[in-house]
Amino acid sequence: MEGLTQTLYKHGYELIACSGTKTHRFLPEKMIDGAIILDANFPSSEIINYANRGHKLVVLDRELTHENVSQVLLDNKGGATLAIDYLSTNFKGDFYVITGPDDSYDAKVRLETAKQELARSGDKKVHIIEGDFSEESGERAASIIAKNWKAPVSVFALNDNMAIGMYRYFAGTDLEIGKDVRIIGFDNTDISEYLVPRLATIEYSKYKWGAVAADKLVELLEGGKAENEIIYTTRISGPSVSNN
């Protein structure tokens with residue numbers, strides 16, 4: 001949010017943050033100049049309809065091609081590849097992937113990439129557990145893993161919140177994170193570095209994501225061409241994944 005606000009202010013625009021279907025009326029009623037959309041419940045067909053009317057839009061959670069729409073997306077594929085490569089180093093046991101919401105673009109790309117990377121080796125046993133990006137779903141996933149645990153396992157939680165839920169559950173068991181259960185998350189949330197052991201995760205600049213989205217919207221509003229951007233990811237190592 002900070003990157004969005006500061007960049008728009010620099011260009012003389014103000015930010016209105018809103019959610020819900022009623023806010024969709026802001027565009028046709030000319031209450032706003034343009035929109036940056038991060039909302040899985042906002043139909044792509046409706047976005048294209050507004051774009052056809054000349055509204056300038058930036059999307060952060062889907063792939064759309066239109067002269068009035070720019071997309072600024074996370075490099076979910078690169079991030080998921082980094083996560084699987086890290087978990088795979090010096091490890092021969094079972095893998096678990098904890099999924100995200102069915103309607104989340106980011107979750108879908110991370111899951112498909114993880115499955116592709118794990119399938120490349122051909123000798124990894126992979127278990128998929130449904131999650132929804134909440135800590136509670138992480139706890140539920142951890143209970144399934146604990147129930148079936150026989151030897152060290154590696155877990156890719158598709159966001160940090162679910163990893164946090166797993167930490168909470170395993171704290172009440174004899175299983176040790178980093179040794180018995182190796183975990184990596186995604187998003188590098190503020191609390192990740194304070195978990196014990198420190199959570200390995202995938203990081204990206206939230207400030208840059210917002211700032212680039214704001215720049216792209218301003219370019220469209222000022223008559224520029226719609227261009228897409230990728231926000232790249234990096235890996236944050238941590239003892240939640242032991243590669244000894």
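Here is a short conversation about two sheets, a pocket and two backbone features of a predicted model.

Student: Before we start, which residues does this predicted model let us use for local features?

Tutor: Residues are numbered from 1 along each chain as its sequence is written, and side-chain values use heavy atoms, with hydrogens and water left out. In this predicted model, totals for chains, interfaces and linings use all residues, side-chain atom pairs count only at pLDDT 80 or more, and local features need pLDDT of at least 70.

Student: Happy with that! Which strands stand at the edges of the sheet E5-E4-E6-E7?

Tutor: This open sheet has four strands with parallel pairing; strands are DSSP runs of E, at least two residues, helices are runs of H or I, at least four, and both are numbered from the N terminus. Two strands pair if DSSP finds at least two bridges between them. Pairing on one side only marks the edge strands, E5 (126–129) and E7 (181–184).

Student: Which residue in E5 does Tyr-96 face?

Tutor: Strand E4 (residues 94–98) runs parallel to E5, and four bridges join them. Opposite Tyr-96 stands His-127.

Student: What angle does H4 make with E4?

Tutor: H4 packs on the sheet and touches E4, E5 and strand E6 (153–157), where contact means heavy atoms within 4.5 Å. Axes are lines fitted to C-alpha atoms, for helices over the stretch in contact, and angles run from 0 to 180 degrees between N-to-C directions. The direction of H4 makes with that of E4 an angle of about 170°.

Student: And which strands does H6 lie across?

Tutor: H6 runs at about 155° to E7. The strands beneath this helix are E4, E6 and E7.

Student: Why is one side of E1 and of E9 left without a neighbour in the other sheet?

Tutor: The order there is E1-E2-E3-E9, an open sheet with parallel pairing. E1 (34–37) and E9 (229–231) stand at its edges, so one side of each is left free, as each has a single partner strand.

Student: Which residue in E2 stands opposite Ile-37?

Tutor: E1 and strand E2 (residues 56–59) run parallel, joined by four bridges. Opposite Ile-37 in E2 is Val-59.

Student: Now the second largest pocket: why does it lie between two domains?

Tutor: A pocket is an open set of points on a 1 Å grid over the protein atoms alone, where a 1.4 Å probe fits, with protein on both sides within 12 Å along at least five of seven lines; lining residues have an atom within 4 Å of a point. This one is lined by 20 residues, with Leu-38, Ser-104, Asp-106, Arg-110 and Phe-133 nearest its centre. Domain bounds come from an automatic or database domain assignment. The pocket lies between the domains because its lining has residues from both domain 1 (1–75 + 204–232) and domain 2 (76–203).

Student: Which element gives the largest share of that lining?

Tutor: Helices H4 (105–121), H6 (160–170) and H7 (206–221) each give two or more residues. The largest share, three residues, comes from H4.

Student: Last one: where is the cis peptide bond's Pro-197 found?

Tutor: Most peptide bonds are trans. The bond from Val-196 to Pro-197 is cis, with omega near -5°. Pro-197 is in the loop between E7 and strand E8 (201–203).
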